[in-house]
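Open the model in your viewer and follow the stops below. Each one says what to select and what is there.

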Amino acid sequence: MQAPTHLLIGIIIQKAVLKHSQFRGAFGISIIIISAFFSHFIIDCFSRFTYHPPKADWNDPFWVSYHLMIYSLTLIIIILFGREYWIGIIFSILVDIIDWGIIRGLLKKEGIIHPLIDKISNFFFGENKYMYQKWTIIFEAILIIILWRILYWI
Ligand SMILES: [Zn+2]
C-alpha cells in the first residue's frame, strides 16, 4: 500500500498502546515497534486490491498526479504527527525503507521482503488483478479516510 496508509497505522498503534494499554516504558515501546513493523506485512497483502503499477511511469499524467498527492499527504502526516509518533511512523514504513530505499535505491537490487509478502498474499488472495486498474485508488482513499478518523477517535 502507499506510505500514508502505513504511517497512519503506525501512528494508531503507538497512540493505542500509549493511551489505552498498561504497557509502558521499554516494554511498551517494544510492543509498538514489533506491531508497527509487522503491520506493514499485513497491509501490503492488500496492495493487490489497489492501483499499484510495479514501475514508476512519469509519462502517465494519472500516475504522476496520484503519486504527487500521495507524496504530499505523506509529508503532511509527517509534519502533523512526526514529532509525537516518530517510532510508530518509522517502524510502519521500515520494510519500504529497506526494500525500496536501501536495496533498490542504493544497492540497485530487487527488494527481499516484498517478494515474501507477495507469496503470502498469493496464498490468501490469488492472482494480482488490480494493480493497473486506476479506479481501485478509491479503496486506498477510503482506507486512509477511515484510518484518519480512527486516529482522532481513539
Ligand atoms: Zn511495502
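Start with the whole protein chain, coloured by burial: of its 154 residues, 24% count as buried. Keep in mind that this is a predicted model.

Switch to cartoon. The protein chain shows six helices and zero strands. Traced along the sequence, the pattern reads α-α-α-α-α-α.

Now show the C-alpha trace. Along its principal axes it spans about 45 × 30 × 30 Å. The radius of gyration is 16 Å; a compact globule of 154 residues would have one near 15 Å, so the two agree. Turn on contacts with a separation of 6 or more: 79% of them in the protein chain join residues 24 or more positions apart.

Next, select Phe23. This residue sits in the loop between helix H1 (3-20) and helix H2 (25-45). Is Phe23 buried or exposed? Phe23 has 14 other C-beta atoms within 10 Å, so it counts as partly exposed. Leaving out residues up to four places away in sequence, Phe23 touches Val17, Gly28 and Ile31.

Move on to H2 and add helix H5 (residues 114-125). Their axes come within 9 Å and cross at roughly 50 degrees. The angle is neither under 35 degrees nor in the 65 to 115 range, and H2 and H5 are therefore oblique to each other. Their crossing is right-handed.

Show side chains where the two helices meet. H2 contributes Phe41, Asp44 and Cys45. From H5 come His114, Ile117, Ile120, Ser121 and Phe124. Coloured by class, the contact of H2 with H5 has five nonpolar residues, two polar and one charged.

Terms used. Residues are numbered from 1 along each chain as its sequence is written. This is a predicted model: local features need pLDDT of at least 70, side-chain atom pairs count only at pLDDT 80 or more; totals for chains, interfaces and linings use all residues. Helices (H or I, at least four residues) and strands (E, at least two) are DSSP runs, numbered from the N terminus. The radius of gyration is taken over C-alpha atoms; the globule rule is 2.2 Å times the number of residues to the power 0.38. A residue is buried if 20 or more other C-beta atoms lie within 10 Å of its own, exposed if 12 or fewer, and partly exposed in between; C-beta atoms are placed from the backbone. Two residues are in contact if their C-beta atoms, placed from the backbone, lie within 7 Å. Axes are lines fitted to C-alpha atoms, for helices over the stretch in contact, and angles run from 0 to 180 degrees between N-to-C directions. Angles under 35 degrees count as roughly parallel, over 145 as roughly antiparallel, 65 to 115 as roughly perpendicular and the rest as oblique. A crossing is left-handed if the near helix is turned anticlockwise from the far one by less than a right angle, and right-handed if clockwise. Ala, Val, Leu, Ile, Met, Phe, Trp, Tyr, Cys and Pro count as nonpolar, Asp, Glu, Lys and Arg as charged, and the others, Gly among them, as polar.
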